Amino acid sequence: MDKQFRSLCLYMQIAEGSKSEHLISYITLTSHLHHTLHFLLPLVWSPHALSVLLLQVEEEAQVSRSLPIDDASMGEITNVMEYQAIAKQKLPKMAYDYYASGAEDEWTLQENREAFSRILFRPRILIDVSKIDMTTTVLGFKISMPIMVAPTAMQKMAHPDGEYATARAAAAAGTIMTLSSWATSSVEEVASTGPGIRFFQLYVYKDRKVVEQLVRRAERAGFKAIALTVDTPRLGRREADIKNRFVLPPHLTLKNFEGLDLGKMDQAADSGLASYVAGQVDRTLSWKDVKWLQTITTMPILVKGVITAEDTRLAVANGAAGIIVSNHGARQLDYVPATISALEEVVKATRGQIPVFLDGGVRRGTDVFKALALGAAGVFVGRPVVFSLAAAGEAGVSNVLRMLRDEFELTMALSGCTSLADITRNHVITESDRLRVMPSRL
């Protein structure tokens with residue numbers, strides 16, 4: 001930081017002199033200098049001076065970001081939740097708040113975690129657990145563990161490698177990465193990182209020709225399934241983004257839509273993203289569009305955002321290949337149940353016809369076990385991936401996947417399970433179970 005700051009002062013003196021005095025006091029308070037420069041300097045500096053400074057600061061920032069994860073400034077990382085504090089320190093407030101915040105009162109954001117803590121274990125003992133098999137198959141694709149990467153948008157706000165790093169880490173871990181429609185790397189760019197099983201998360205735009213083109217690009221790039229997000233006809237009220245006037249940094253674009261005449265995510269009176277969604281995302285999306293998607297692609301379609309039995313039955317009836325129980329990371333409608341609380345209702349409604357997956361609140365291997373015990377075929381992890389990406393790039397994402405895998409394996413061993421098939425409903429006690437066994441007070 002000191003070296004970067006000295007460079008900043010030098011170039012400020014050369015290029016603009018006294019014009020920069022007010023900016024210096026702000027930048028000294030930030031901990032992620034290169035992001036601050038991208039946001040602020042275009043407002044006060046000439047393009048030539050800006051480009052020269054950004055080049056030098058970015059080179060120095062690259063060195064800083066490449067430090068090993070066990071660097072003394074970070075300490076010993078022992079669980080995935082510790083990455084959030086590091087990300088908060090490193091990221092600009094606007095970027096961190098975008099990743100971390102939920103809708104309105106953030107009740108569901110908190111409940112996504114707390115609901116897991118109310119589920120208890122019923123472990124079995126004296127079972128040979130010297131060999132444990134965590135492999136599974138998702139839509140016909142074999143993966144190393146039932147832990148996959150959820151779609152998180154705009155990952156280059158977290159780290160310059162963005163989705164490239166996440167794709168490489170997921171592939172190395174032998175699991176699935178889901179790429180967001182609103183990625184800062186295109187489907188073709190992510191495919192160029194090498195082999196790996198990848199799904200594509202889809203928002204349906206008003207211009208269906210754009211949707212059709214994007215789906216076919218994903219298929220040509222080797223993506224294996226579509227995760228159709230169905231809970232976002234409008235963007236939830238994310239008050240942190242409103243306060244911050246959230247907008248994508250000017251050096252980044254939504255790569256999958258680059259070159260298309262779809263408007264830009266510009267500054268707005270509240271959230272630039274909310275304004276963009278209002279202008280582009282199709283509010284008329286309905287079950288008939290699931291059928292329409294099946295006519296333009298051979299990829300299986302997962303319906304992402306289901307939390308009720310009624311919608312589960314409709315998903316099955318309309319040919320969904322699977323369901324992702326999701327409340328959009330608690331970023332859409334507040335006061336909906338935690339996904340782990342809604343999971344069993346959805347699983348029962350499928351009657352075993354299609355697989356059910358879960359995202360939202362997964363932070364421990366114990367959470368993975370609980371989800372599988374309640375009927376999930378696997379889980380998707382979002383925020384821990386993006387926070388670890390901000391903290392340490394690809395190495396951070398790899399570490400998150402390794403820690404979750406190790407914790408899950410330990411939970412299986414201590415519960416007496418040697419394969420995923422061994423994990424049953426009898427291994428957990430939920431709140432409803434406890435209510436049913438309470439003695440009558442009459």
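**Exercise 1.** Determine which elements make a β-α-β unit with helix H15, and what handedness that unit has.

*Solution.* In this predicted model, begin at strand E9 (residues 322-325), continue through helix H15 (residues 339-350), and finish at strand E10; together these elements make a right-handed β-α-β unit. Next, examine how the two strands are joined: E9 and E10 run parallel and are linked by 3 bridges. As a landmark for this pairing, Ile323 stands opposite Val356 in E10.

**Exercise 2.** Follow the chain onward from E10 and state which helix and which strand make a β-α-β unit with E10.

*Solution.* From E10 the path leads over helix H16 (residues 365-373) to E11, and this unit, too, is right-handed. Strand E11 (residues 378-381) runs parallel to E10, to which it is joined by 3 bridges. Here the landmark is Phe357, which stands opposite Gly378 in E11.

**Exercise 3.** Work out which way the residues of E10 point, and whether they are buried or exposed.

*Solution.* Start from the general expectation that side chains in a regular strand alternate between the two faces of the sheet. In E10 (residues 356-359), Val356 and Leu358 point one way, whereas Phe357 and Asp359 point the other way. Now apply the cut-off for burial, which is under 20% relative accessible area: Val356, Phe357, Leu358 and Asp359 are all buried.

**Exercise 4.** Compare the end-to-end distance of helix H17 with the span of a straight helix, and locate the kink.

*Solution.* Helix H17 covers residues 383-415, and a straight helix of its 33 residues would reach 48 Å at 1.5 Å a residue. The end C-alpha atoms of H17 are, however, only 27 Å apart. Looking along the helix, one finds a kink of about 140°, centred on Ala392. Just after H17, Gly416 takes a positive phi of about 80°.

**Exercise 5.** Place Asp207 in the chain, classify its accessibility, and give its distance from Gln280.

*Solution.* Asp207 lies in the loop between strand E6 (198-202) and helix H10 (208-220). Because its relative accessibility is 37%, Asp207 counts as partly exposed, a class that lies between the cut-offs of 20% and 50%. Although Asp207 and Gln280 are 73 residues apart in sequence, their C-alpha atoms are 8.0 Å apart in space.

**Exercise 6.** Describe the chain as a whole by its elements, its burial and its contacts.

*Solution.* Count the elements first: the chain has 18 helices and 12 strands. Then turn to burial, where 53% of the 442 residues count as buried. Finally, among contacts between residues at least 6 apart in sequence, 72% join residues at least 24 apart.

How values were computed. Residues are numbered from 1 along each chain as its sequence is written. This is a predicted model: local features need pLDDT of at least 70, side-chain atom pairs count only at pLDDT 80 or more; totals for chains, interfaces and linings use all residues. Side-chain values use heavy atoms; hydrogens and water are left out. Helices (H or I, at least four residues) and strands (E, at least two) are DSSP runs, numbered from the N terminus. The expected span of a helix is 1.5 Å times one less than its number of residues. The bend at a residue is the angle between axes fitted to the seven residues ending there and the seven starting there. Buried means under 20% relative accessible area, exposed over 50%, partly exposed in between (1.4 Å probe, protein chains only). Contact means heavy atoms within 4.5 Å. Two strands pair if DSSP finds at least two bridges between them. A crossover is right-handed if, with the strands pointing away from the viewer, the path from the first strand over the helix to the second runs clockwise.
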